[in-house]
Amino acid sequence: MAISAAIVDDQETDRSAVHALLTAWAKTRGETAMAKTFPSAEQFLFHYETCPQYDLLLLDIELSRMDGVTMAKRIRRGNSTVEIVFITGYTDYIAEGYEVGALHYLIKPVNREKFFSVLDRARERLAQNAKYLTLEWNSQLVRLRLAEIRFLDVAQNYVTVHAREDYTLKRPLKEFLPQLDGRFFPVGRSLIVNLFFIRRVTKQEIVLSDGTVLPLPRGAYEKLNRAIIERT
């Protein structure tokens, strides 16, 4: 597959080093990686307005003006599928990075083997993001990318698929599972949740990255946490 990447770092030597590693990874994996480099978050965001088709962002955090986490938050407002990897000399921002669904943190100087492993994971997730769920809804066919679906739940005899918009249709929830993939986990009989959207789990509830709170049935806590560890 062809991967389009952006490298944002205010140090030219670091940009070049990451670009070289990305090129080496693509060569060893038989992939095509097209990368553009940017010395600041502002320059990337200006470019992104007219060219938003990026699969992977390789971001420094400590930039000269806008930091990498703030930039990633802006991107996430309209793009839930781009893979974000922070490459930094600092570990202080790890908690903030999880708020934007960062795939990983890499500490400078970047280890080649670790970098390749992270890009392998990014490639797998990008392949998953290309999968769709097809719905017959309001006399029309709707195709939803699986990566955009946050959860599916049941109210009476109707299932609602919650993506960028909500789609409600009369159909058993269990019929959806064969059309989904490993990122989705059935929580009880009335809820299927996308594990990649989960921010926090307590004994009573699931909190998604957009702030949505879902009830967690009794006895589901351990199974859900195990699925998060194994599948994400």
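This note goes through the backbone, sheet and helix geometry of a predicted model.

1. **The parallel sheet.** Five strands make an open sheet in the order S2-S1-S3-S4-S5, and their pairing is parallel. Strand S2 (32–38) and S5 are the edge strands; each of them pairs on one side only. Neighbouring strands of this sheet are turned against each other by 20° on average, with direction ignored.

2. **The S1–S2 pair.** Strand S1 (residues 2–8) and S2 run parallel and are joined by seven bridges. To check the register, start from Ala6: its bridge partner in S2 is Lys36. Helix H2 (residues 41–48) lies across S1, S2 and strand S3 (56–59). The direction of H2 is at about 125° to S2.

3. **Helix H1, length.** What span should the 18 residues of H1 have at 1.5 Å a residue? The expected value is 26 Å, and the end C-alpha atoms of H1 are 26 Å apart, so the two agree. Just after H1 comes Gly30, with a positive phi of about 70°.

4. **Helix H1, burial.** The buried residues in H1 are Arg15, Val18, Leu21, Leu22, Ala24, Trp25 and Ala26. Note that Arg15 is in this list. The buried residues of H1 pack against S1, S2, S3, strand S4 (83–88) and H5. Sheet strands and a helix are thus both named among the partners of H1.

5. **Helix H5.** H5 also has 18 residues. From its first C-alpha to its last, H5 reaches 26 Å, close to the 26 Å expected at 1.5 Å a residue. Buried in H5 are Phe115, Phe116, Val118, Leu119, Asp120, Ala122, Arg125, Leu126 and Asn129. Asp120, Arg125 and Asn129 are worth a look when side chains are reviewed; they are among the buried residues of H5. The cover over the buried residues of H5 includes S1, H1, S3, S4, S5 and S7.

6. **The H1–H5 crossing.** Two packed helices are described by the angle between their axes and the distance between the axes. Here the axes of helix H1 (residues 12–29) and H5 come within 10 Å and cross at roughly 65°. The crossing of H1 and H5 is right-handed. On the H1 side, the contact is made by Val18, Leu21, Leu22, Ala24, Trp25, Thr28 and Arg29. On the H5 side, it is made by Arg112, Phe115, Phe116, Leu119, Asp120 and Arg123. By class, the contact has eight nonpolar, one polar and four charged residues.

7. **A cis peptide bond.** Most residues other than glycine have a negative phi, and most peptide bonds are trans. The bond from Lys108 to Pro109 is cis, with omega near -10°. Pro109 sits in the loop between strand S5 (104–107) and helix H5 (112–129).

8. **The S6–S7 hairpin.** S6 and S7 pair in the antiparallel sense over six bridges. Tyr132 stands opposite Arg145 in S7. The two strands form a hairpin with two residues between them. Asn138 belongs to the loop between strand S6 (132–137) and strand S7 (140–145). Its phi is positive, about 50°, although Asn138 is not a glycine. Is Asn138 buried or exposed? With a relative accessible area of 58%, Asn138 is over the 50% cut-off and therefore exposed.

9. **Gln156.** A second non-glycine with a positive phi is Gln156, at about 60°. Gln156 is in the loop between strand S8 (151–155) and strand S9 (158–162). Its relative accessibility is 75%, so Gln156 counts as exposed.

10. **Ser190.** Where is Ser190 placed? The residue is in the loop between strand S11 (184–186) and strand S12 (191–194). Relative accessibility is 40% for Ser190, so this residue counts as partly exposed. Leaving aside neighbours within four places in sequence, Ser190 is in contact with Leu152, Asp153, Val154 and Leu173. Ser190 and Pro217 are 27 residues apart along the chain, and their C-alpha atoms are separated by 9.7 Å.

Notes:
Residues are numbered from 1 along each chain as its sequence is written. This is a predicted model: local features need pLDDT of at least 70, side-chain atom pairs count only at pLDDT 80 or more; totals for chains, interfaces and linings use all residues. Side-chain values use heavy atoms; hydrogens and water are left out. Helices (H or I, at least four residues) and strands (E, at least two) are DSSP runs, numbered from the N terminus. Buried means under 20% relative accessible area, exposed over 50%, partly exposed in between (1.4 Å probe, protein chains only). Axes are lines fitted to C-alpha atoms, for helices over the stretch in contact, and angles run from 0 to 180 degrees between N-to-C directions. A crossing is left-handed if the near helix is turned anticlockwise from the far one by less than a right angle, and right-handed if clockwise. Contact means heavy atoms within 4.5 Å. Ala, Val, Leu, Ile, Met, Phe, Trp, Tyr, Cys and Pro count as nonpolar, Asp, Glu, Lys and Arg as charged, and the others, Gly among them, as polar. Two strands pair if DSSP finds at least two bridges between them. The expected span of a helix is 1.5 Å times one less than its number of residues.
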